[in-house]
Amino acid sequence: MPTVQSPNLRIPLLVALLPSLSTATLYSTYKFNPLEHLGGVAPYFEPQDPPTSPTPPRGCTPVRAAYLSRHAAIYANDFDDEEYMEPFISKWENHTGVDWSEIPSLSFLSDWSAPFSEAEQELLTRLGKLEATELGISLSFRYPGFRLPQRVWTSSAERTAKSAQALVRGFELQDNTINVVTIYESEEAGADSLTPYKSCPAYSSSAGSDQASVHLKTFTKPIIARLNKLAPTFNFTAEDVYGMMVMCGYESVIRGSSPFCSLDLFTPDDWLGWEYTADIMYHYNTGYGSNAAGTVGLPWLRATASLLMDAAPAQDLYVSFTHRELPPTVIVAMGLFNNSEFSGGDVNETMPLDRINHRRAWKSSHILPFLGNIAIERLNCTGSSGFADGEYYRALVNNAPQPLPDCGDGPGTSCSRQGFETYLEDRTAMFEGFSAKCGVEYKNSTDSLTIYTDPKFGNGTMVGKRSDPSSLW
């Protein structure tokens with residue numbers, strides 16, 4: 001017969017266990033930062049997705065690298081402002097029926113002011129200039145054995161050009177030896193620009209809006225009910241909520257913080273709903289839900305791979321600046337962040353509109369925050385790596401090494417030159433034919449990106465001269 005133990009007899013055992021229990025977590029350590037879930041308006045951060053080490057694998061040394069970067073943080077995108085922020089700001093400025101100071105979570109609206117003017121739209125913020133400069137410094141430390149780049153490339157918009165100039169400042173400080181080559185944002189350049197989506201009629205800038213609007217209404221419904229209970233006469237709408245939440249990102253990169261980011265105003269679940277809405281839009285606009293995405297992104301991949309595999313390239317490091325549209329298309333061309341990579345199913349089914357797929361790989365916050373970048377490195381590895389001596393290649397997105405599809409026969413997330421060549425052949429077979437697949441009708445289109453090697457693009461313009469600091473700051 002089993003014996004019944006008195007509760008008092010258990011106390012010594014519990015006391016004995018306390019030292020080991022004290023090393024365990026007995027409370028929640030959950031933390032949430034809205035700024036890491038803001039898609040294309042997220043300040044630059046490194047999400048460690050996956051949490052692979054950016055340090056070169058043991059026994060390997062980077063000998064060449066190429067980066068494609070989105071421009072740094074701006075005051076406001078014109079679409080976000082015109083569609084969401086300005087209408088909310090105007091509505092708030094002209095509404096007198098609410099005493100905001102009486103509503104704890106919205107009390108800041110009693111004396112808040114808009115963080116930017118119409119004239120500042122699309123311009124780099126001070127933080128943006130600083131972060132682009134820090135990227136240049138970071139790359140110089142990351143690749144100490146590389147020759148100083150002769151050129152850095154940028155599309156012709158002011159925000160991309162200023163980002164490139166700030167990066168150059170971080171590289172050379174006062175040597176003034178790096179040229180910034182500006183590539184005009186032409187609508188008839190074919191694949192030969194840093195904005196090829198503008199030359200692709202099959203690409204639509206409005207793609208994804210309809211699908212995103214479905215989830216926008218879904219995730220904002222309870223938020224609207226909550227806010228309208230607090231301020232019934234204001235009549236909050238889905239667009240108001242979206243504008244307030246997008247303000248969190250822009251105001252943070254302008255002023256350093258924003259009351260719209262408060263978790264007392266919007267909960268973590270609210271922010272995850274916002275992020276998923278953005279992910280749906282980018283999925284259909286520049287991601288796997290777009291038939292044009294891989295075709296638009298392939299020319300940069302092929303041109304970059306050619307530079308890195310060249311026996312004697314002009315530079316050890318290539319850096320280019322563009323807008324938010326191009327990096328995701330390159331991601332698709334490379335086969336990264338693919339929800340359906342291991343399922344073989346319909347990729348659009350992985351992004352349902354009526355609920356959040358929390359297990360998705362496609363997260364725009366992890367792909368294209370301000371200054372978000374894609375890199376491909378060529379590594380020289382010795383036998384100490386555990387692999388044969390030779391060339392290996394790996395990709396990084398925002399400093400997180402990414403395993404390439406069917407290309408992992410090297411140290412860490414890298415693959416051998418032979419594996420990389422086979423990988424490129426497979427990706428090319430999927431997406432080649434820019435002019436045909438884009439439905440190009442203008443003359444003299446091209447399917448290749450040649451800006452890095454074609455002398456017709458010239459030497460660019462010298463920047464960063466200390467005699468004219470206003471040209472940068």
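This passage walks through the fold of a predicted model, from the whole chain down to a few single residues.

Overall, the chain carries twelve helices and nine strands. Of its 473 residues, 54% are buried. Contacts reach a long way along the sequence: taking those between residues at least 6 apart, 79% join residues at least 24 apart. The accessible surface comes to about 21700 Å², and carbon and sulfur atoms account for 51% of that.

On the inside, the largest nonpolar core takes in 133 residues. Trp100, Leu106, Phe260, Met334, Phe420 and Tyr452 have the most contacts within this core. Helix 6, residues 238–255, supplies the largest share of the core, with eleven residues. Met334 gives a good view of the packing. Setting aside neighbours within four places in sequence, Met334 touches Leu301, Ile374, Ile376, Ala395, Leu404, Pro405, Tyr423 and Arg427.

Two of those partners, Tyr423 and Arg427, lead on to helix 11, where both are among the buried residues. Helix 11 covers residues 417–431, and its length checks out: 15 residues at 1.5 Å each should span 21 Å, and the end C-alpha atoms do lie 21 Å apart, so the two values agree. The full set of buried residues here is Gly419, Phe420, Tyr423, Leu424, Arg427, Thr428 and Phe431. In an α-helix there are 3.6 residues a turn, so residues three or four places apart point the same way. Cover for the buried residues of helix 11 comes from several elements, including helix 8 (293–309), helix 9 (326–334) and helix 12 (434–438), along with strand 5 (373–381), strand 6 (390–397) and strand 8 (415–416).

The pairing with helix 9 can be spelled out further. The axes of helix 9 and helix 11 sit 9 Å apart and make an angle of about 115 degrees, which means that helix 9 runs roughly perpendicular to helix 11. At the meeting point, helix 9 puts forward Val332, Ala333 and Met334, while helix 11 answers with Tyr423, Arg427 and Phe431. Just past the end of helix 11, Gly433 has a positive phi of about 100 degrees.

Elsewhere, His215 belongs to helix 5, residues 209–230. This histidine has a relative accessibility of 2%, so His215 counts as buried. Beyond neighbours within four places in sequence, the contacts of His215 are Gly273, Tyr276, Thr277, Ile280, Leu353, Arg355 and Ile356.

A few spots in the backbone also deserve a look. Most residues other than glycine have a negative phi, and most peptide bonds are trans. Against that background, the bond between Asp49 and Pro50 is cis, with omega about 0 degrees. Pro50 is in the loop that links helix 1 (7–21) to strand 1 (60–70). Phe337, which is not a glycine, takes a positive phi near 50 degrees. The loop holding Phe337 runs between helix 9 and helix 10 (364–367). Asp406 is another non-glycine residue with a positive phi, here about 55 degrees, and Asp406 lies in the loop between strand 7 (400–402) and strand 8. As for surroundings, Phe337 is buried because its relative accessibility is 8%, whereas Asp406, at 80%, counts as exposed.

Methods. Residues are numbered from 1 along each chain as its sequence is written. This is a predicted model: local features need pLDDT of at least 70, side-chain atom pairs count only at pLDDT 80 or more; totals for chains, interfaces and linings use all residues. Side-chain values use heavy atoms; hydrogens and water are left out. Helices (H or I, at least four residues) and strands (E, at least two) are DSSP runs, numbered from the N terminus. Buried means under 20% relative accessible area, exposed over 50%, partly exposed in between (1.4 Å probe, protein chains only). Contact means heavy atoms within 4.5 Å. Accessible areas come from the Shrake-Rupley method with a 1.4 Å probe; for residues, only the protein chains shown count as cover. A nonpolar core is a set of buried Ala, Val, Leu, Ile, Met, Phe, Trp, Tyr and Cys residues joined through side-chain atoms within 4.5 Å. The expected span of a helix is 1.5 Å times one less than its number of residues. Axes are lines fitted to C-alpha atoms, for helices over the stretch in contact, and angles run from 0 to 180 degrees between N-to-C directions. Angles under 35 degrees count as roughly parallel, over 145 as roughly antiparallel, 65 to 115 as roughly perpendicular and the rest as oblique.
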